[in-house]
Amino acid sequence: MKKLISKFKNNDLIRASSILMIGNMLANFAAYIFSIIQARILTPEKFGEAAYGEFFTLNSIAYFFLIPITSITMVASKVVAEKYAHNEISDIKHFVNKTFKITLISTIIVSIIAVLASPLLQRFLNIQDEVSTVLLMLSLTLSLTAATVSGAISGMQKYTLQSINTVINAFARLIVGTLLAISFGVMGAISGNIAATVINIIFSVFIFYFITKDIKIEKVKDIKIEKVKDIKFPFKLLFTSIVSTFAFSSFLATDVIFVKHYLSGTLFENSTVDIPS
């Protein structure tokens, strides 16, 4: 037993995998409990027959929007991991600072478009609560801000900090979403996503700053042709990751979206209320 524990401690791959697995299991457990609690809170007597159905549908929509965000995190992790392997910490900080500014600007633009497109989504899904749809779109676009930073933390092999961030994010959504859902229904439950996203952004930026606070960014005097070619590669990988992830996992949420579009609120509520349990 002691030899097994010693082997576990000394094996970086096993230790890192275990840390990430435990973090993901705790986060998934929090998400599971959150769904069950919402099924108990969003009752037809208090918030209408379609309340939980709308909540479930909005979560399915969120799944689609999280695919490109997750892909950005994966690409950033790969780029940073290659730099980290060659101890090019200054390049990592330069890469993250530059991409963070780009994603911040993109978040503002995408947020405006998302808010304007929310009524279309609301009509397509027959959702009565306009505010919940807008809040969902805002929480998803805000997630784009932390995508590169989260990927950088993973690429620098700070798996413990990454797992802590994941768990805090999940339980913040559980606690805030549950407390607000008691009074505000679907809108309160979706507000938990925004709270978790804001915490994720703050915590991710703080972690990266703490890791690289003593590193100075070297000034780039000239740009070589080889580096210009390298810039295109992550975007190709990003496109491939988005397409492959969408192709393999889109069926997990597509059925819920089409059921909500074509069936009435009562029928949809009756068909989805038992799913979490």
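**Helix α7 and its surroundings in an all-helical model**

Arginine 173 sits in helix α7, which covers residues 159–184. The model is a predicted one. Arginine 173 is buried because its relative accessible area is 18%, below the 20% cut-off for that class. Beyond four places in sequence, arginine 173 touches Ala31, Phe34, Asn59, Thr178, Gly192, Asn193 and Ala196.

Helix α7 has 26 residues. From its first C-alpha to its last, the helix reaches 36 Å. This is close to the 38 Å expected at 1.5 Å a residue. Arginine 173 is one of the buried residues of α7. The others are Ser163, Asn165, Val167, Ala170, Ala172, Leu174, Gly177, Thr178 and Ala181. An α-helix has 3.6 residues a turn, so residues three or four places apart point the same way. Thr178 appears both in this buried set and among the contacts of arginine 173. Just after α7, glycine 185 takes a positive phi of about 70°.

Helix α2 spans residues 12–41 and holds leucine 26. Leucine 26 counts as partly exposed because its relative accessibility is 38%. Together with Met21, Ile22 and Met25, Leu26 makes a nonpolar surface patch. The patch measures about 390 Å².

The chain as a whole contains 11 helices and 0 strands. Along the sequence, the pattern reads α-α-α-α-α-α-α-α-α-α-α. Of the 277 residues, 39% count as buried. The chain exposes about 16300 Å². Carbon and sulfur atoms supply 69% of that area. Contacts between residues at least 6 apart in sequence were also examined. Of these, 82% join residues at least 24 apart.

Confidence varies along the chain. The average pLDDT is 76, and 79% of the residues score at least 70. Among the elements, α7 has the highest mean pLDDT, at 87. Helix α11, residues 265–272, has the lowest, at 49. Over residues 271–277 the pLDDT is below 50. That stretch has 12 contacts in the model beyond near neighbours in sequence. Residues 219–233 also stay under 50. There the model has 2 contacts beyond four places in sequence. Where pLDDT is low, the predicted coordinates should not be read in detail.

Technical notes: Residues numbered from 1 in each chain as written. Predicted model: local features only at pLDDT ≥ 70, side-chain atom pairs only at ≥ 80, totals over all residues. Heavy atoms only, no water. Patch = residues over 30% accessible without salt bridge, like charges linked within 9 Å, V, L, I, M, F, W, Y side chains within 5 Å. Areas by Shrake-Rupley, 256 points an atom, 1.4 Å probe, with all protein chains shown as cover. Salt bridge = Lys/Arg side-chain N within 4 Å of Asp/Glu carboxyl O. Helix = DSSP H or I, 4+ residues; strand = E, 2+ residues; numbered from the N terminus. Buried < 20%, exposed > 50% of the residue type's maximum accessible area, 1.4 Å probe, protein only. Contact = heavy atoms within 4.5 Å. pLDDT = per-residue confidence, 0-100. Expected span 1.5 Å × (residues − 1).
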